[in-house]
Every structure is written in C-alpha cells, then in structure tokens.
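Hi there,

Here is the structure I promised to hand over. Have a look through it, and then read on for my notes.

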Amino acid sequence: MKALLIEQHETLSASIQDIDASRLPSGDVTVDIHWSTLNYKDARAITGKGKIIRQFPMIPGIDFSGVVHHSEDPRFHVGQHVLLTGWGVGETHWGGLAEQAKVSGDWLIPLPQGLSTRQTMIIGTAGFTAMLCVMALEQGGVMPESGDIAVTGASGGVGSTAITLLSQLGYSVVAISSKPDNKDYLLSLGAKEVLPVSDFNQPSRPLEKQRWAGVIDTVGGTVLATLLAQVNYNGTVAACGLASDSQLPTTVMPFILRNIRLQGVESVTVAASKRPAIWQRLQKLLPDSFYQQIANEITLHQVIEYANKLVNNQATGRTVVKIR
C-alpha cells in the first residue's frame, strides 16, 4: 500500500513509500481509506515544526473515511462505510494518509446518514471541533439575539466551518483574519463583517468596551486576551486552538467583573456514544454550497507540498486528500 511515512534518523524526513500492509499496527478493524485530510497538526508533524508525533516511524493523518476491509469487531462489517477523527491517530497510532489503516473499532463510527465519505472529510476534525465550539456557546447561554460572535482564524478549517454553522443558526458573525484577500470568501460563508487580526494582536487593557456576546478562538495568545477583555457581561468564549501562541497574557478581571466563561474545547477524545449526534447536526446545518466553497482537493503525492503551505499560512478552508 502507498503511505506517507515520517521517519526520524539524524533528521526528520517525510516521503511517499510502498509499505507492506503487514506492518500496520494492532487493531480489530482494517479500513480501505478513500479520503483523508491535511490539518494544521498534520502539517506541523510533516514539516517537523511541532512535536506532534510521539513515536517513529509514523503515518500522519488525524482523519480518514473509507470502507471496512476486514473486521473482528461485531459492530462493523466488510463493505461498511466508516469514518474516524481523533483518538491520537496520526500521532501515536498510524493514521489516515495511507491506502489502509488498522484501528480499534471503538474509534470508528458508521458514516452518518446523508453524508458521503468525501463530505465527512471536508468537515473532518476541524468541522467537528467547530460544532463543539458552537455547542459550547449555546451551553453558555449565548443565543442569536445575544449579539455579535467573533471568530478568529476565520480562514482556516475550524473558523470557516464555525462561521457557516453560526450563520445557519441565525447568529451575527464577525470574522477575524490575517488574510485580507479572503474577505469575499468569508462573507460568502455568512460573516457580516471581516476585521484584520492586527486590530487584536497588541496588548490590551484588562477590560475594554464590551463588544462580543461570544467568541470562537483558534489562535490563543494576545488575540484571545484582547477578545476576553471585550466580551459582554455573561458572555462565553470557546477556545480550541493555539495557532498563534499557547500563552495567555490576561488577568482575572473579565471573569470576575463581567462573569464571562472561558470554555476549552477538545475533540480528540469525545466519547464515541456522543459523536453520531454531533455528526448528524453537522449534516443538517451545513448547506450544499459549503462543500464547494471550503474544499481544496489534493492527492497523496501533493501532501508534503501543501503541508509547507499550511504551516506558512498560505492555505484557506479545508484541504481534503483523495487517497483512492
């Protein structure tokens, strides 16, 4: 089978190789992969710009969808369409940038009704995370009538999907992006306004004028600290990324004086029992136009090239990888 293999000898290297399927790690379900994705985490692993991989050699790819080739798990049968996101695949267990994967049946879910294998990967971990962020705002009491919602990293996979979901739910969305050329793209997804990230990446006062009913943040650092200082009383911020910085230079003042909530969002280990309902909600909310607007399709042989583009902030939307 063909796979993208990352190896570490004196230096880290990534290349497309022919690998004997007998080398696949342990697992009770073998899947013929049709589609995978290129996420920011994958790109950092492939380019060596982040300590993502825990053991070598490793096949990256934190998402995949395809058809069951062999199963020792009674919940899955040969020929069944399935998908996987998370569970450390592509980090500690060989992942989806290959023609086959062998994984635990506990990590798989049947393909959601109404979605193709390609559509599930256009959504992928990024879209799944975006849905969790929207749910965090809802759980915090932030409703469409509450006011504007800011979305950072708006041109990326999480940001693009979050804008679409929020817009479909009737929220007023302001996109914050480092890519001014993407204004028309972000407006087409449902943002009412697009602001440059430069308005938010300088140190702010502990409290500023109230501006946001809620925030979905993918970048962390000073941008998140500035937005926290601008959130309305009783607002909620869903934080799911650290593309800019893992540090948070803020104070307790927004939390104490404005009663705001900072909710962390993690998608890797969401309970398998909860995942089908989240996917069905994504299927119902995302319009057909979303899949055309957000997807950039590449082949397995183009992954290394595009990984460099992604870590250098030269990618927009979702990069879906056609494996077969």
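Below is what I found, going from the sheet to the helices and then to the aromatic rings.

Please keep in mind that this is a predicted model.

**The sheet**

A good place to begin is the open sheet of 6 strands, which pair in parallel. Reading across it, the order is β10-β9-β8-β11-β12-β13. The edges are formed by β10 (193-196) and β13 (261-264); each has a single partner strand, so one side of each has no neighbour in the sheet. On average, neighbouring strands are turned by 20° against each other, direction ignored.

At the β13 edge, the partner is β12 (residues 231-239), and the two pair in the parallel sense over 4 bridges. If you want a spot to zoom in on, Val237 stands opposite Leu262 in β13.

Helix α5 (residues 221-228) packs on this sheet. Its contacts are with β8 (148-151), β9 (172-177), β11 (212-217), β12 and β13. The direction of α5 makes about 155° with that of β12.

**Helix α3**

Next, take a look at α3, which covers residues 157-168. From first C-alpha to last, this helix of 12 residues reaches 17 Å, close to the 16 Å expected at 1.5 Å a residue. Is α3 mostly buried or exposed? Of its 12 residues, 10 are buried, so the helix is largely enclosed by the rest of the structure. Among them are Gly157, Val158, Ile163 and Leu166. After α3 comes Gly170, which has a positive phi, near 95°.

**Aromatic rings**

The count of aromatic pairs comes to 3. One of the pairs is Phe200 with Trp212: the ring centres are 6.4 Å apart and the planes are at 50°, so this pair is tilted. Phe200 sits in the loop between β10 and β11, while Trp212 belongs to strand β11, so the pair ties together parts that are 12 residues apart in sequence. Phe200 and Trp212 are both buried.

Phe290 and Tyr291 form another pair, with ring centres 5.3 Å apart. Their planes are at 80°, so this pair is edge-to-face. Phe290 is buried, at a relative accessible area of 0%, and Tyr291 counts as buried too, at 5% relative accessibility.

One last ring to look at is that of Tyr306: Lys309 lies over its face, at 4.3 Å from the ring centre.

Enjoy exploring!

Best wishes

Technical notes: Residues are numbered from 1 along each chain as its sequence is written. This is a predicted model: local features need pLDDT of at least 70, side-chain atom pairs count only at pLDDT 80 or more; totals for chains, interfaces and linings use all residues. Side-chain values use heavy atoms; hydrogens and water are left out. Two strands pair if DSSP finds at least two bridges between them. Axes are lines fitted to C-alpha atoms, for helices over the stretch in contact, and angles run from 0 to 180 degrees between N-to-C directions. Contact means heavy atoms within 4.5 Å. The expected span of a helix is 1.5 Å times one less than its number of residues. Buried means under 20% relative accessible area, exposed over 50%, partly exposed in between (1.4 Å probe, protein chains only). Rings of Phe, Tyr and Trp (its six-membered ring) pair if their centres lie within 6.5 Å; planes under 30 degrees apart count as stacked, over 60 as edge-to-face and the rest as tilted. A charge sits over a ring if NZ of Lys or CZ of Arg is within 6 Å of the ring centre and within 35 degrees of the ring normal.
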